[in-house]
Structure formats: structure tokens, C-alpha cells
Amino acid sequence: MVVGIVGLGSTGQALLHALDASGTRVIGVDSDPAVVERARTRSGTADVSGRFERLRAADVIIEAVSEHAGVKEDVLRRSGAECPGVTALVTTTASLSVPSLAIASGRPAHLVGLRFALPLSPRAGAELVRTTMTAPEAVRAAGELLSLLGPAVAPPGVDTPVARRLLLPYLGRAAALHEEGYASSEDIDNAMRLGCALPAGPLEMLDAVGVDTVHRELGDLHRRTGRGYHRPPSSLERMIASGRLGRKSGQGYHAYDGTGRRVVAEPQDRPSGQAPAIGHVGIVGTGTMARGIAHTLALAGVENTMVGRTDERADSAREAIGSSLRRAVERGRLDSGAAHTALARIQGDHDLTALSDCDLVIEAVAEDVSVKRSVFEQLDKVCRPGAVFATSTSSLSVADCAAATSRPEAVIGMHFFNPAQVMRLVEVVRTGATSDAAHATAHALCERLGKTAVDCADRTGFIVNFLLFPYLNHAVRALELDGSLGVEEVDTAVESLLGFPLGPFGLLDTVGLDVSLAILQRLHEAFGTEDFEPARSLNGLVGMGHLGRKTGTGFRSRGPLGRRTA
């Protein structure tokens, strides 16, 4: 098969690289000499030029020009007139009418749509759109093309535009977070990739779509909706002016080689302070998070003590960890000797004085600032000088916790993700008072545990919640604003076209609608913008006691056999 591609922007160049890497003969054409030159230097063996007549040799021609009806119609019309009658035509339109483009091409039986919400990103799929006029041969050609490219075909009827509308403000918010200097591009991407099990971080996704494309499409959305969260960050304009367009130009938020593969950055300079040795770690709390942290520490060879309100609670938590370790042995994931040794490293107690000799104490009690402050006040009295205190809060102020002690310089945030023994991410949250030594200690422990630490400042939501929950909130609002959308439709689009492990409604039900509402309320209180104001439907379901998976009803329900229903 010989494939022609007209338009060598983000999508066109991604397609060109993928097909070239598969050994397919590719002919790339673009009307912009600068784009042709850039693509030629990065195209491998592909034939790249500005000459439209070269496409006569193609069996399939992919139109990948900008999302403007007139431009696409002109390219498809020229392709239809220039090439043999058996040549299949493929449009990559994300939102325009495929039947209208098919008719405009002059060869409606030969045109098929391939919609990419995210161009050839890991796990992302494509929507194959046929019309009532499409001939079987054209569909077969498109299927063969997809098999060469790699992405899975999304289920019939999946909604590409809704996936794109949810993706764009998420990417814009990540760009704005980077613009204000809150976190590095590596830390933002690692946080979302590891904290939410996404195929790529948002800034890497933005590079794939194209900085100029995201800027244009967000601008179009903002003009239509007037929503503040659709306004493109000003940093995108500066990047466009400097030629940093993302993967297609070789430089965006990350750098890319000539084949479009990301160039892995050198490890960032991390804490400058000297980390003290970590021999004994204390954990205050016996709930799910506390148990997960103790489990992780024990497997990494770290002696630890869990303190609960009673000896019974502490013993019960240790027994639960023992059961988890035994299940790992039964499944062949852990040696029985290693499990026995790990459990022996965990002690339980009801008295905080048991933590007096700890090098580091991690607080993992209820997400209530008054409860946490009480714990830190007591730790301050019983722990030795030089001990580091960490809070596992997901969104509360670390500084407020530190203010309950006489040593705020020793306090840091270490937000583990649930389940802590599985999830690789820890958000390390430094306050204005946190010392270099405490910061270095947190990083040293993460490294020992095999976790990826991302640095961020002390403010509500940190990285993950700040980016995740507006996206979830926007999905709920999309249902409220568009009566034609359904929960199943949105989740399927996000899972199949973006490669996310769960759609927004499946994730909301998993997290818990009450928990999600509380986080959004906290974010809205801190920042006051409309994207954090909880959607009406979310408030309504929580008010009715429909909290998601834990109650069996939420945006989805659980049937009598545990099956998920919309």
C-alpha cells in the first residue's frame, strides 16, 4: 500500500512518522514550503514535497489539513480529480460532517473519516466514520491503514468531538499551571500519568496535538462559550511565536527527535539538603492509606510503627496488611519468606510515645485540618529533635499543620496515592518554612520506596486534584448542557479515543461522588473560579445518597450481579 498525506501539521506528521516506521511507502505533501522543509528533515524515508501531483501513485490519500470546511473540501476535491478512481480518500476531520465532505470531494463512495481526538498517542484509538454512500472497498482500505498505524478502532457511534471538548480545557489548565511556575513540565506530566494511570501527561498530549492547534481550538471554544476555562493561556502564543509548536517542530514542552519520539530529559536537580538516615518511620493512623504506606515501607525494608486510637485498631490494621501479603504470595507475586519478614517490620501501638525515636513520622488520619493539627501538636511534644513530620493530606494546607508545631521547618507534605503499595506517585509539598533537610528526607524515602516524587508548592489541590477535578466537573456539565449526550457515550469516547483507563463518570463513581464534591468545594473556596464550582447534578446525586460504587448507585448503577449500567 502506498499512502499519501496532504497536510503535515501535528496529525499529518504523526501519521507520516508512524507509517514510515512501519515500512509503508509514504508521500507527504504540504503547500507551506517551511512546513515541507521541516518535515523533510524529520521524515526518514518518506517522500515529502509541495507537489500535489506526486499523490497520483497513492492507493490511499489522507487529508490532514486544518479544521476548516473550505480548506478540507478543496484538498479532497483536488485529490478526487487528480488520482485514479480506485484511490480511497480519508479525512481526519474531528468535527465537520463527513457526508458533506464526501459529497464535496466529488467521489462520495470513496471517502471515509478517521477521527483522532489525540493523534497517535499511546492507547488512544480512532473513530472510523463511514457514510451511507461509502463503498466497502473504501472501508477495507481504511481498516488496512489503521492496522498499519496501530490504534484500535473505537466502537461504532463513539463521539470524537465530546472527547476533544473535554481534553482541550484540561490541556489548557496544565499549560497555565506550568506558565505560573507552579511545577515543571516533567513533574506535571509525571503527576498525571502516574497519579491517574494516563497514557501520557497533559503537556506531552498538548505537544502531540500541537501548541498552535490547541491555542486555535481553545480560542474557538472560548468565543462560542465565553467560559473562562476555555481561554487559551498566553504562554501558548509565546511558544507559537518562537516556533515551539510541539512534537511536529521538535520542541514544545518537551524535545523530540527526528522520528517524533520524545527525547528524555536529564534528571532534574533535586533537593540540595543532606538527607539524614531513615531507620524507623512512624505512621499515625490505621485506615486504608496508613496501611498502604506501612505495607510499602515494610516491603522496602523500612522498620515502621503504626499508631491507632486503640491497640485493637493497630492490631487489626497489621492483620489486614498480613492478609494482603499472603494474597500476594498465593498469586505468585511475593516469596513467602519475604512476606513474613516484611510483616515483622511492622509494629502496632496506641500511644504516640512509641514514635519518640522515629526519623520520620507520616500522619495519615482523617482529612480534617483540626484533627491533623491535633496530631502534629502531640508529635511535637513526643518526637526527638531532628525528626521530620510529613502529612499525607491530598488538599489541605501543609503550613496549617506545621503551625501546630514549634518546628515548622521540619514539616512537609507527602501525598501518597491510593493504594499506596501500588501507586508509584508521591506529591512532595514544600511550605515556605520547610528546610532543605526535610525536603531531601522526603525525596530519599520516595527513592527508597521506588516511588516517583514530584515537587509542588503548598496550595489547595497540588497538581493532580487541581487538574483532575475540573475535568470531571466539565464532564458533568456537558451532560447538563447537551441533552443528546449520555454517561456511557462520554465514558466510551474518553476511554477509546484518549486511552484513559476510565471515563470521567466511571472515575467519579470510583472516587466517590461525596469525596469528589468535597474536593471541588475546597478548590472553589480556594480559587473561586467557575470551573471549580460543583455541577448541579453532582450536588443532587450526593444529596440523594447516590455516592457511586460504594453505595451501588451514582452516575452509573451496579446491577444485582455487580454489572455496570449507565
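**Group meeting: sheet, helix and rings**

Let's start with one bridge: T305 is partnered by Q347 in strand β12. Before I go on, please remember that this is a predicted model.

That bridge belongs to a bigger picture. Strand β11, residues 303-307, runs parallel to β12, and 4 bridges join the two. Both strands are part of an open sheet of 8 strands with mixed pairing, in the order β12-β11-β10-β13-β14-β15-β16-β17. Which are the edge strands? They are β12 (346-349) and β17 (452-457), each of which pairs on one side only. Ignoring direction, neighbouring strands in this sheet are turned by 25° against each other on average. Helix α11, residues 288-299, packs on the sheet and touches β10 (280-284), β11, β12, β13 (360-363) and β15 (411-416). The direction of α11 makes about 165° with that of β11.

Now over to another helix, α9, residues 211-225. With 15 residues at 1.5 Å a residue, α9 should span 21 Å, and its end C-alpha atoms are indeed 21 Å apart, so the two values agree. Which residues of α9 are buried? They are V211, T213, V214, E217, L218, G219, L221 and H222. If you are looking at that list and thinking about helix geometry, here is the background: an α-helix has 3.6 residues a turn, so residues three or four places apart point the same way. The cover over the buried residues of α9 includes α1 (10-21), α6, α8 (202-209) and α10 (234-241). Right after α9 comes G226, with a positive phi near 75°.

On to the aromatics, my last topic. The structure holds 7 aromatic pairs. One of them is Y170 with Y471, a tilted pair at 6.1 Å centre to centre, with 50° between the planes. Y170 sits in helix α6 (residues 160-179) and Y471 in helix α17 (residues 464-481), so this pair links distant parts of the chain, 301 residues apart. Are these two tyrosines, Y170 and Y471, buried or exposed? Both Y170 and Y471 are buried.

A second pair is F505 with F555: the ring centres are 5.0 Å apart and the planes are at 55°, so this pair is tilted. Because F505 is in helix α19 (residues 504-511) and F555 is in the loop between α21 (536-543) and β18 (557-558), the pair ties together parts 50 residues apart in sequence. F505 and F555 are buried.

Ring pairs also link Y170, Y471 and F500 into a cluster. Finally, have a look at F466: R173 lies over its face, at 5.0 Å from the ring centre, and the charged end of R459 sits over the ring of F466 at 4.9 Å from its centre.

Methods: Residues numbered from 1 in each chain as written. Predicted model: local features only at pLDDT ≥ 70, side-chain atom pairs only at ≥ 80, totals over all residues. Heavy atoms only, no water. Phe/Tyr/Trp six-rings, centres within 6.5 Å; stacked < 30°, edge-to-face > 60°. Buried < 20%, exposed > 50% of the residue type's maximum accessible area, 1.4 Å probe, protein only. Lys NZ or Arg CZ within 6 Å of the ring centre and 35° of its normal. Expected span 1.5 Å × (residues − 1). Contact = heavy atoms within 4.5 Å. Pairing = 2+ DSSP bridges. Axes fitted to C-alpha atoms, helices over the stretch in contact; angles between N-to-C directions.
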